[in-house]
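Work through the exercises below with the sequence and the 3D view at hand. Each task is followed by a solution in steps.

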Amino acid sequence: MSTRKRVAVLISGRGSNMEALLGAASEPSFPAEIVAVISNREDAAGLGLASRRGVEAIAVPHRGHADRQAHEAALSEALAAHAPDIICLAGYMRLLTPDFVAQWQGRMINIHPSLLPAFPGLDTHQRALDAGVRIHGCTVHFVTEKTDEGPIIAQAAVPVLAGDDANSLATRVLLAEHKLYPLGLELVATGKARMSEGRTAFSDPADASAEQRLFSPERQEPVTAVPTDLEHLARFTP
Ligand code: GRF
C-alpha cells in the first residue's frame, strides 16, 4: 500500500503553484500525491490545467451559498470524497473560518509571496518595492486562524534588482515559489516538519537550517572568495 500522503490543492486562479506541486508529485519518490484540485471559482484556469494532467478538478463556487460556513460545508464534502491528509492552499483567495482552519490545523499549508512576517496580505511586491527592501521572497507556512501568520516552514530569498517593478519582481518570486512549495510540502508530508505548540518543529535539525529553508535562486553556487567558515552563509546570500 502506498504511504504517500494524499493532498488536495485549493486554488482560485492561474494555478502555477498547483502545477509545480503536480510536477513534483509526478515523481514516484515524492512523498505526496495530488488527489484533487478544488477551486472556489469555476473559471479558474488552474482547473483546466489539473484535469488535462489527469487530476480530479472540482469547482465548489462560493457564489450561491448563503454564507462562508455554507460554502465550507460544500468544500468539506468535496474534500471528504477524496480523503486528503494535507491541504495545500495555492492562490486560494478566500478567507477560511476559524472552525475550518482548526479542523485542518497542522495539516493545511499555504504559500505567500513575501518573506513573512513582512508584507502579509495583498500587493506584496509593490509594498516591498515601496518599503525599499533589498531582499524579498516567499514563504511556506502552516495555516492558522490569522491570515499569513502561521508557523513558517520554508522561505526563499529573492533579491530586489535595480529597475524592478512589481511585475518583474513578482515573476522572479514566482519562480522561487515553484521551487519552494514542493520542498515545503515534502517536509510536511514526510513528517520532518510539523506544527507543535504554535511553532514548526523539525525532526532533523538540518531541515531547520538555512540550507533547507532559505535559498536564493539568483545565486546558488558557493562564492569561492570567502573564508571557509563563511562559505556556507555566502552560498545563500543573494
Ligand atoms: C502566488 O503568488 C501565491 O504565492 C499567492 O497567490 C499566487 C497564486 O499564483 N498566494 P498561482 O495561482 O499559483 O499561479
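**Exercise 1.** Which pocket is the space taken by the ligand?

Solution. The model is a predicted one. In this model, the ligand takes up the space of the largest pocket.

**Exercise 2.** List the residues around the ligand and sort them by character.

Solution. Step 1: the shell consists of Arg14, Gly15, Ser16, Asn17, Gly91, Ile111, His112, Pro113 and Glu177. Step 2: by character, two of the shell residues are nonpolar, five are polar and two are charged. Step 3: at least two shell residues come from helix 1 (16-25), and at least two come from strand 5 (108-112).

**Exercise 3.** Find polar atoms of the protein that lie within 3.5 Å of an oxygen atom of the ligand.

Solution. Step 1: begin with Ser16, where an N or O atom of the side chain is 2.5 Å from a ligand oxygen. Step 2: at Asn17 the partner is a polar backbone atom, 2.8 Å from an oxygen of the ligand. Step 3: Glu177 places a polar side-chain atom 2.7 Å from a ligand oxygen. Step 4: turn to cover; on its own the ligand has 360 Å² of accessible area, and the protein covers 85% of this.

**Exercise 4.** Check the span of helix 6 (residues 166-189), then examine its ends.

Solution. Step 1: helix 6 has 24 residues, and at 1.5 Å a residue the expected span is 34 Å. Step 2: the end C-alpha atoms are 33 Å apart, which agrees with that span. Step 3: at the N-terminal end, Asp165 acts as a cap, with a side-chain oxygen 3.1 Å from the backbone nitrogen of Asn167. Step 4: just after helix 6, Gly191 has a positive phi of about 80°.

**Exercise 5.** Examine the backbone at Pro117 and at Phe119.

Solution. Step 1: recall that most residues other than glycine have a negative phi, and most peptide bonds are trans. Step 2: the bond from Leu116 to Pro117 is cis, with omega near 10°. Step 3: Phe119 is not a glycine, yet its phi is positive, about 55°. Step 4: locate the residues; Pro117 is in the loop between strand 5 and helix 5 (124-131), and Phe119 is also in the loop between strand 5 and helix 5.

Note on methods
Residues numbered from 1 in each chain as written. Predicted model: local features only at pLDDT ≥ 70, side-chain atom pairs only at ≥ 80, totals over all residues. Heavy atoms only, no water. Near = heavy atom within 4 Å. Polar contact = N/O pair within 3.5 Å; in protein donor to acceptor, adjacent residues only side chain to side chain. Areas by Shrake-Rupley, 256 points an atom, 1.4 Å probe, with all protein chains shown as cover. 1 Å grid on protein atoms, 1.4 Å probe; cavity = no way out; pocket = protein on both sides within 12 Å on 5 of 7 lines; lining within 4 Å. Sits in = over half its atoms within 2 Å of the grid points. Helix = DSSP H or I, 4+ residues; strand = E, 2+ residues; numbered from the N terminus. Nonpolar A, V, L, I, M, F, W, Y, C, P; charged D, E, K, R; others polar. Expected span 1.5 Å × (residues − 1).
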